[in-house]
Amino acid sequence: MAFRASLRRATAARPAAARFYSQAIAVPTSSSSPVSAAQIRRDAALPNPDPAEDSASAALVREHAPFMVATYARPPPVFVRGEGSYLWDLENRKYLDFTAGIAVNSLGHCDPEMAKLIAQQSKTLIHASNLYYNPWTGALSKLLIEKTLASGGMHDAAAAFICNSGSEANEAGIKFARKVGKALDPSGAKTEVVSFRNAFHGRTMGSLSATPNPKYQAPFGPMVPGFRVGELNDIDALPSLVTPATCAVIVEPIQGEGGVRVASDAFLVALARRCRDVGAVLHYDEIQCGLGRTGALWAHAHLPPEAHPDVLTTAKALGNGFPIGAAIVNARVAALIKVGDHGTTFGGNPLACRLAHYIVGRLADEGLLEGVRKKGEVFREGFERLRERYPALVQEVRGKGLLLGLQLSEDPARIVKAARERGLLVITAGTNTLRFVPSLVMSEEEIREGLAILEEAVRVTREGGSE
Ligand SMILES: Cc1ncc(COP(=O)(O)O)c(C=O)c1O
């Protein structure tokens, strides 16, 4: 009876959900209207026009969307396959991917060796729980420490906690820092966590509390108590921002979601000094900017050891699309974390860790990192051409390696759509910023191909023609 009643309620709620979602994704739910001659001309002029209302893609979305909580506003294509730098949609159209799953697929889509390892390990052992040892959680932790020490970054990296996502890695870092604060000041006064404007650290309540964006925080207040916000690169403010009450400072060496904003070396050195002065844990969130994306294994690797972090978090590229995250800590932090302090059911399972073990090996390779630096220059040359051609539109190029932002003077939505309909996927960040985070193994030729599409997309949104 109870089941039938809840089924009736769910069915009754469905039309409203469908309406809400179809607005969010702009795919009408009404039966398809006749396609106009103008629409046909426009579609014929474009290689990848967004799937029409009467397409298989739109039908699939109409069927599925009512059952999906509407947390994303997605464009119409439905992606069904990926290989290297390309994705294919349900209409079998090909897109060059400058997004790499938001800085995730650093080895490209469906890396063949990864596919082989998934098959092998899934026939050997997928999960047995953290109550027992397995060969891969420890092997990955060891490799992360060895590669970090060899990279010139975090010179005192000692141990890793493996979890499932970036938010979880940051939660671990925040909890560890609170424990350090309690050890240093048993009165309980050392619990404040400092983060910076435009930061993005995740969506769980702890990581969200360190993400001072009203759009993300406001609907879910109150936030976890004890979080403070400062301005990135404001050295003068550090003495009043980071105080003896601070247990942790969490910062992205390059802010990704916030608009590809680079923390200056001088700021990070000053921040690290201030953290040491007051005994606060320095936590670098390299979930987006780490693992080779800047052309070094870690974005902070060029900094002097005094500016290295106590906690370093990673995720995204660590699994190349398979969910995994990690918090790397030094011995000072590790020594205070005791059995039972933290845990996870899935985190560190042998399948995820075996994959990440292979991926870290690939991403730490000096040849690959050198390629990232070169490819970053190819992008910058293209951006300079765009800036010369459209000086009123292109205001600034920011970032490093293959984490690049093009600051525009207007909302890039039309450019993003025009690029997509010409076979290029790009994403945005911050305010009016186009963000470029392609796979790190994308060829220079593919980058040039994408830049040419981008230029065409900018042109049609400026000079008219078939947008
Ligand atoms: C810098 C940074 N930290 C944390 C996160 C959250 O990671 P996840 O979405 O895996 O929880 C992200 C995701 O975009 C990120 O870019």
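Reader: In the hairpin of E16 and E17, which residue takes a positive phi near 50 degrees?

Author: Strands and helices are DSSP runs numbered from the N terminus, with E over at least two residues for a strand and H or I over at least four for a helix. The hairpin of E16 and E17 has three residues between its strands. The residue of this hairpin with a positive phi near 50 degrees is Gly430.

Reader: What kind of model is this, and from which number are residues counted along each chain?

Author: This is a predicted model, in which local features need pLDDT of at least 70 and side-chain atom pairs count only at pLDDT 80 or more, while totals for chains, interfaces and linings use all residues. Along each chain, as its sequence is written, residues are numbered from 1.

Reader: Which residue of E17 is the bridge partner of both Gln407 and Ala429?

Author: Two strands pair if DSSP finds at least two bridges between them. Strand E14 (residues 403–408) is joined antiparallel to E17 by four bridges, and strand E16 (residues 427–429) is joined antiparallel to E17 by three. Gln407 has its bridge partner in E17 at Thr433. For Ala429, the partner in E17 is again Thr433.

Reader: Which residues on the two faces of strand E17 are buried?

Author: A residue is buried if 20 or more other C-beta atoms, placed from the backbone, lie within 10 Å of its own, exposed if 12 or fewer do, and partly exposed in between. By this count both faces of E17 (residues 433–436) are covered. One side has Thr433 and Arg435, and the other has Leu434 and Phe436.

Reader: Is Thr428 buried, exposed or partly exposed?

Author: Thr428 lies in strand E16. Leaving aside neighbours within four places in sequence, it is in contact (C-beta atoms, placed from the backbone, within 7 Å) with Pro412, Val416, Thr433, Leu434 and Arg435. Because Thr428 has 19 C-beta neighbours inside 10 Å, it counts as partly exposed.

Reader: Against which elements do the buried residues of H15 pack?

Author: Helix H15 spans residues 413–420. Its buried residues include Ile415, Val416 and Ala418, together with Ala419 and Arg420. These buried residues pack against E15, E16, E17 and helix H16 (444–463).

Reader: Which strands are the edge strands of the open sheet with the order E1-E2-E3-E15?

Author: This sheet has four strands with mixed pairing. Its edge strands pair on one side only, and they are strand E1 (79–83) and strand E15 (424–425).

Reader: Which residue of E2 stands opposite Arg81?

Author: E1 and strand E2 (residues 86–89) pair in the antiparallel sense over four bridges. Opposite Arg81, the residue in E2 is Trp88.

Reader: Which residues of E12 stand opposite Ala159 and Leu312?

Author: Strand E12 (residues 325–330) has six of its six residues buried. Six bridges join E12 antiparallel to strand E4 (residues 157–163), and four bridges pair E12 antiparallel with strand E11 (residues 311–314). Opposite Ala159, E12 places Val329. Opposite Leu312, E12 places Ile328.

Reader: Which two residues touch the most other members of the largest nonpolar core?

Author: A nonpolar core is a set of buried Ala, Val, Leu, Ile, Met, Phe, Trp, Tyr and Cys residues joined through C-beta atoms within 7 Å. Among the contacts of Val249, leaving aside neighbours within four places in sequence, are Val194, Leu271 and Leu282. Of the 113 residues in the largest core, those that touch the most other members are Val249 and Ala326.

Reader: How many residues does each domain bring to the contact between domain 1 and domain 2?

Author: The bounds, which come from an automatic or database domain assignment, give domain 1 (116–364) and domain 2 (367–463). Their centres, taken over C-alpha atoms, are separated by 28 Å. The contact takes 19 residues from domain 1 and, from domain 2, 19.

Reader: Which residues come nearest to the ligand?

Author: A residue is near the ligand if its C-beta atom, placed from the backbone, lies within 6 Å of it. The largest share of the shell, three residues, comes from helix H7 (residues 166–184). Of the 15 residues around the ligand, the nearest are Ser165, Gly166, Ser167, Ile287 and Gln288.

Key:
Two residues are in contact if their C-beta atoms, placed from the backbone, lie within 7 Å.
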